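Please look at the structure shown here before reading on. The paragraphs below lead through it step by step.

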Amino acid sequence: MEIAPETLDERVSRFVEGLKGAGVKLTPQRLEIFREVAKSADHPDVETVFRGVRKRLPSVSLDTVYRTLWSLIDLGLLSTVGHSRERVRFDANMGSHHHFVCEACGVMWDFQSDEFDRVRVPDVVRKLGSAQKTQVEIRGICTRCSGETTSRRCASRRKEDRWKRRS
Ligand SMILES: [Zn+2]
Ligand SMILES: [Zn+2]
């Protein structure tokens, strides 16, 4: 699923400004790779970004996409979600937001919540490190999957909320 066009425009202009600010040239390749992440509402992984970009830039390599994504992370223009570098997913939503993850299909949606933004970091976290941002991940079964079968509807009752801190 894709995000609203005006949100994409906002993300792209923030990206263009960010590159300019960092003194990095805006190439068609960088723009296409960023757009592929920015237009998606579902945090694509590197293979998904590559497949999308290749439709418009057939000469692009997986390695280039990979290196470009990580350089955009170093510039603070993208962030990652998830834990493993193998199946890392990219997020162009740099504003404060939280995630809903479907345990059945793996889809990951962004959502806003003032309540979650205001959450106080528990004291126990200080023993682990210094918190830079708080992001809540709610795991459950998405409406698309829960509409499919009865057994999956049951699974949605087992949904768990999990606090997740990212640096
Ligand atoms: Zn689902
Ligand atoms: Zn996100």
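What follows goes from the whole chain to one helix pair and then to a metal site.

This is a predicted model, in which local features need pLDDT of at least 70 and side-chain atom pairs count only at pLDDT 80 or more, while totals for chains, interfaces and linings use all residues. Residues are numbered from 1 along each chain as its sequence is written, chains are lettered from A and ligands numbered from 1 in the order in which they are written, and side-chain values use heavy atoms, with hydrogens and water left out.

The chain holds eight helices and six strands, where helices (H or I, at least four residues) and strands (E, at least two) are DSSP runs numbered from the N terminus. Of its 167 residues, 38% are buried, meaning under 20% relative accessible area with a 1.4 Å probe and protein chains only.

Helix α1 (residues 5-22) packs with helix α2 (residues 28-38) at an angle of about 140°, their axes 10 Å apart; axes are lines fitted to C-alpha atoms, for helices over the stretch in contact (heavy atoms within 4.5 Å), and angles run from 0 to 180 degrees between N-to-C directions. Among the residues that meet are Leu8, Phe15 and Leu19 in α1 and Leu31 and Phe34 in α2.

The zinc ion (ligand 2) has as protein donors His43 (NE2), Asp91 (OD), His97 (NE2), His99 (NE2) and Asp110 (OD), lying 2.1 to 2.2 Å from it; donors are N, O and S atoms within 2.8 Å of the metal (3.2 Å for Na, K and Ca), and water is not among the atoms, so sites may look incomplete. Because His43 lies in the loop between α2 and α3 (46-56) and Asp91 in strand β2 (residues 89-91), the pair ties together parts that are 48 residues apart in sequence. Both His43 and Asp91 are buried.

How values were computed
Buried means under 20% relative accessible area, exposed over 50%, partly exposed in between (1.4 Å probe, protein chains only).
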